[in-house]
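Here are my notebook entries from a sit-down with this model. I kept them short, and I wrote down my cut-offs as I went.

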Amino acid sequence: MVSRNKTAPNWAPISGQWKISTNKADYIAPDDLNIPVGIALSSARVRNGHISVEICLNDSDKNAGRILLGYNTVTGAYYSIGLGGYNYAYVIDAFVPGQAWRGIRVEGNKSQLDGKRTYEVLVEIHGQNVTLSIDGIRIMDHTLPSPLGGGQAGLFAWGPGPVIFNNLKWSGDNPRAFVVMQFSEPFDSLYKDVVVPVCKKAGFDAFRADDVFRPGIILQDIIQALVASDIIIAEITPDNPNIFYELGYAHALEKPTILLANRDSDLPFDISGYRVIFYDNTIGGKPEVESALEKHLKNILIGRIS
């Protein structure tokens with residue numbers, strides 16, 4: 001299910017002083033001039049889709065204004081993407097509690113920004129792939145080092161203020177679960193009869209490489225799917241090197257991963273320490289794996305496990 005062009009979210013400022021009205025949020029000033037940060041969380045939830053807002057920095061030398069993505073209510077971690085910071089014009093950065101802010105990608109000198117001008121900032125999200133466009137011009141296309149910890153979006157400001165945010169819009173698709181498994185029975189039935197319906201019930205769109213790519217799937221197709229997905233579900237019963245390669249790539253992306261295996265399977269040593277849902281190829285075993293898979297999916301969706 002797709003939600004398109006939503007506007008006027010509800011707001012919850014958690015840092016800094018804000019003046020908020022219908023579809024407009026003004027960052028007025030920080031709570032602490034030594035750490036001049038402002039954060040306003042919204043009811044917008046975007047994991048796959050886009051979010052846009054008009055930003056006026058007022059003073060481009062001192063202020064920054066960005067779209068906040070993936071706010072994790074458990075850890076407080078998030079990404080921000082937009083205008084200003086680190087003496088650059090365009091910024092993607094990450095905040096991890098205890099580690100402060102870290103610039104991930106920066107472009108352009110901040111002197112090129114006009115503090116009195118209003119810029120239209122658009123961020124598109126597809127799994128870990130994000131793009132930043134300013135006034136219709138694509139500036140950055142980047143793969144985040146780790147997935148969005150949560151779907152909650154908001155606004156980020158830095159500096160003495162004020163920073164004006166106006167006309168926030170967003171659209172979102174369901175998060176995507178890329179399923180890695182051998183293309184044969186009984187795995188095809190497991191995919192169609194268990195994985196797909198359970199993912200749908202939990203709010204995910206499940207897909208395999210053979211669902212979306214043309215015949216003759218190549219490695220680049222698989223990598224594209226791994227990056228653009230929100231979680232990975234891997235069936236690891238057969239000793240298939242392709243599956244383990246894809247699983248290793250997913251772990252390198254820090255992608256939330258759910259492993260499935262037949263209860264009688266003998267797992268490799270370097271996999272045995274990971275969380276695995278074991279199942280029986282019986283009618284009686286189906287409800288058990290469905291329940292466990294749904295629980296894991298819902299916990300990942302709210303950022304409780306990775």
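**Entry 1, an acidic residue and its partner.** I began with Asp-26, which is buried at a relative accessible area of 11%. My scale calls a residue buried under 20% relative accessible area, exposed over 50% and partly exposed in between, using a 1.4 Å probe and protein chains only. I then looked for a partner and found that Asp-26 forms a salt bridge with Lys-24, with 2.9 Å between the closest N and O atoms. For a salt bridge I need a side-chain nitrogen of Lys or Arg within 4 Å of a carboxyl oxygen of Asp or Glu. Lys-24 itself is partly exposed, at 28% relative accessibility.

**Entry 2, ground rules.** I remind myself that this is a predicted model, where local features need pLDDT of at least 70 and side-chain atom pairs count only at pLDDT 80 or more, while totals for chains, interfaces and linings use all residues. Residues are numbered from 1 along each chain as its sequence is written, and side-chain values use heavy atoms, with hydrogens and water left out.

**Entry 3, other salt bridges.** How many salt bridges are there in the whole structure? My search finds 13. One of them joins Arg-105 to Glu-107, with the closest N and O atoms 3.0 Å apart. Arg-105 is partly exposed at 22%, and Glu-107 is partly exposed at 30%. I also noted Asp-188 with Arg-208, where the closest N and O atoms are 3.0 Å apart.

**Entry 4, cysteines.** I searched the whole structure for disulfides and got 0, counting a pair of cysteine sulfur atoms within 2.5 Å as one. I checked burial too: Cys-56 is buried at 12%, and Cys-199 is buried at 0%.

**Entry 5, domains.** The chain is assigned domain 1 (11–172) and domain 2 (176–304); such bounds come from an automatic or database domain assignment. Their centres, taken over C-alpha atoms, are 33 Å apart. The contact uses 13 residues from domain 1 and 13 residues from domain 2, with contact meaning heavy atoms within 4.5 Å.

**Entry 6, the interface.** Domain 1 and domain 2 bury about 990 Å² between them, 46% of it on carbon and sulfur atoms. Buried area here is the accessible area (1.4 Å probe) that two parts lose on being put together, summed over both. Which residues of domain 1 lose the most area to domain 2? They are Arg-47, Gln-128 and Pro-147, together 40% of what that side buries. I looked for salt bridges across this interface and found 0.
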